[in-house]
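Could you walk me through this protein, one part at a time? I would like a friendly explanation that I can follow with the structure open beside me.

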Amino acid sequence: MGHHIQLFIIICIILLSASFESLKEVSFTKFSQANTLKPEPSNQEIQKYKLFIKNKIILRNLKPFWKSTGLCPPDPHEESYNFLLSPDMKLNIFHIGSLPHNGISQVRIHWMLDLVQMREITIFLYNSADTYKNGSVADVDIYLNISYLKGNTSARWAIHEINNRKSNPYIVWENIGMPSYPSVQDFSLMKSKEEPYMRGPWYFTDSTLWKYKLNVLNPGITLIHICERPQKLYKVKNMRFLQIWKKTLQISWTDLYNRCLSSYIVLYSFDLHGSYHQLNKKRLLFPSYWHACLNEKRNCSIKGFYKVLSVDYWGRRGPTSEIFHFKG
């Protein structure tokens, strides 16, 4: 079957390169009785042809005959991710992959060199030693050559920590008596401790050697994130809602493109065109928010209209998401 598909493609190339007005017979094999293209009489100006394929004739493995230039996204190339999974690119790859024996190879990647540059640096520190006392501290001195940032005033850095002091829902559960069936208030308190603890972001000093001293708890994880300012922020998408109790709501969304974020902001209004106010009082580093109406004296409802936006290290706010109406 693979030979037949390639034969058909070669015939198409012959048709495109031949002069149809003078063509009487096109043969693509060395046999006189082989597959041929013969004109069919017609009163129209455009001649028609019938294609006869004799599939019993075996020629040879046909070599690749064309190279695709592939997809070259428009400027700015730094945002090429918008096009790498676009419908045009998927269709291009589909056609290339459908040909047997590597019939077409895709080239042209020169624009990818534009992507090779410093955007983010992550330093990951992990402390776990069973032989040491739980809660002991490891003192760490970090030295980083930042000469490549010379003159770049946009770079920022921040620290994210996960340990038993800052972010451990289990410790919260222990402190409230380890109930088998936590109340809504207890569960909300545990949810408030499930995210990493963030410090910063800060500017860099005017130096080629960056020094920093920190303490990493045992057990604990510390992540130092260094980031250059992205060109813009994007909308978050695909907002989802899950009602757990009568007055609690788990809100989630998808964020594929934003980076260097200090928080998300969840906005709420009971009316579509009413005044929106911010729900979260703390930073949101994960694309989710636990909304709970715990104060019976305060007018609070989970029914209403929601939207989300992102905030980066430089305090810039991204565009708000599409408004989602939760009817309850």
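**A walk through the strands, rings and pocket**

Let's begin with an open sheet of four strands, which pair in the antiparallel sense and follow the order E15-E14-E17-E18. At its edges are E15 and strand E18 (324–326), each of which pairs on one side only. Keep in mind as you look around that this is a predicted model. Inside the sheet, strand E14 (residues 261–269) and strand E17 (residues 304–312) are antiparallel partners joined over eight bridges. To pick out one of these links, find Tyr264, whose bridge partner in E17 is Ser310.

Now move to strand E8, which covers residues 156–163. Is E8 enclosed or open to the outside? Seven of its eight residues are buried, so the rest of the structure largely encloses this strand. E8 pairs with E9 in the antiparallel sense, over five bridges. It also runs antiparallel to strand E11 (residues 220–227), and here eight bridges join the two. You can locate this second pairing by finding Ala158, which stands opposite His225 in E11.

His160 is a good residue to pause on, since it is found in strand E8. Its relative accessibility is 14%, and because buried means under 20%, His160 counts as buried. What surrounds it? Leaving aside neighbours within four places in sequence, His160 is in contact with Pro196, Tyr197 and Met198, with Ile221, Thr222, Leu223 and His225, and also with Leu285 and Tyr313.

Next, look for aromatic rings. A pair of such rings can be described by how far apart the centres are and by the angle between the planes. The count for this model comes to 17 aromatic pairs. One of them is formed by Trp157 and Trp202, a tilted pair with 4.6 Å from centre to centre and 50° between the planes. Trp157 lies in strand E8 and Trp202 in strand E9, so this pair ties together parts that are 45 residues apart in sequence. Trp157 is buried, with a relative accessible area of 5%, whereas Trp202 is partly exposed at 33%. These two residues are also bridge partners, with Trp157 in E8 matched to Trp202 in E9. Ring pairs extend the picture further, linking Trp157, Trp202, Phe204, Trp210 and Tyr212 into a cluster.

Another aromatic pair is made by Trp245 and Trp290, and this one is edge-to-face: 6.4 Å centre to centre, with 85° between the planes. Trp245 lies in the loop between strand E12 (237–243) and strand E13 (248–254), while Trp290 lies in strand E16, so the pair ties together parts that are 45 residues apart in sequence. Trp245 counts as partly exposed at 33% relative accessibility, but Trp290 is buried, with a relative accessible area of 12%.

Trp290 leads us to our last stop, the largest pocket. Empty space of this kind shows up when a probe the size of a water molecule is rolled over the atoms. How much space lies in the largest pocket? There is about 890 Å³. Its lining has 33 residues, and those nearest the centre are Asn280, Lys281, Lys282, Tyr289 and Trp290. The elements giving two or more residues to this lining are helix H5 (184–191), strand E9 (197–203), strand E15 (277–278) and strand E16 (288–292). The largest share, five residues, comes from E16. Sorted by class, the lining of the largest pocket has 13 nonpolar, eleven polar and nine charged residues.

Methods. Residues are numbered from 1 along each chain as its sequence is written. This is a predicted model: local features need pLDDT of at least 70, side-chain atom pairs count only at pLDDT 80 or more; totals for chains, interfaces and linings use all residues. Side-chain values use heavy atoms; hydrogens and water are left out. On a 1 Å grid over the protein atoms alone, a cavity is a set of points where a 1.4 Å probe fits but cannot get out, and a pocket is an open set with protein on both sides within 12 Å along at least five of seven lines; lining residues have an atom within 4 Å of a point. Grid points are joined across faces, edges and corners, and a volume is the space filled by probe spheres set on the points. Ala, Val, Leu, Ile, Met, Phe, Trp, Tyr, Cys and Pro count as nonpolar, Asp, Glu, Lys and Arg as charged, and the others, Gly among them, as polar. Buried means under 20% relative accessible area, exposed over 50%, partly exposed in between (1.4 Å probe, protein chains only). Contact means heavy atoms within 4.5 Å. Two strands pair if DSSP finds at least two bridges between them. Rings of Phe, Tyr and Trp (its six-membered ring) pair if their centres lie within 6.5 Å; planes under 30 degrees apart count as stacked, over 60 as edge-to-face and the rest as tilted.
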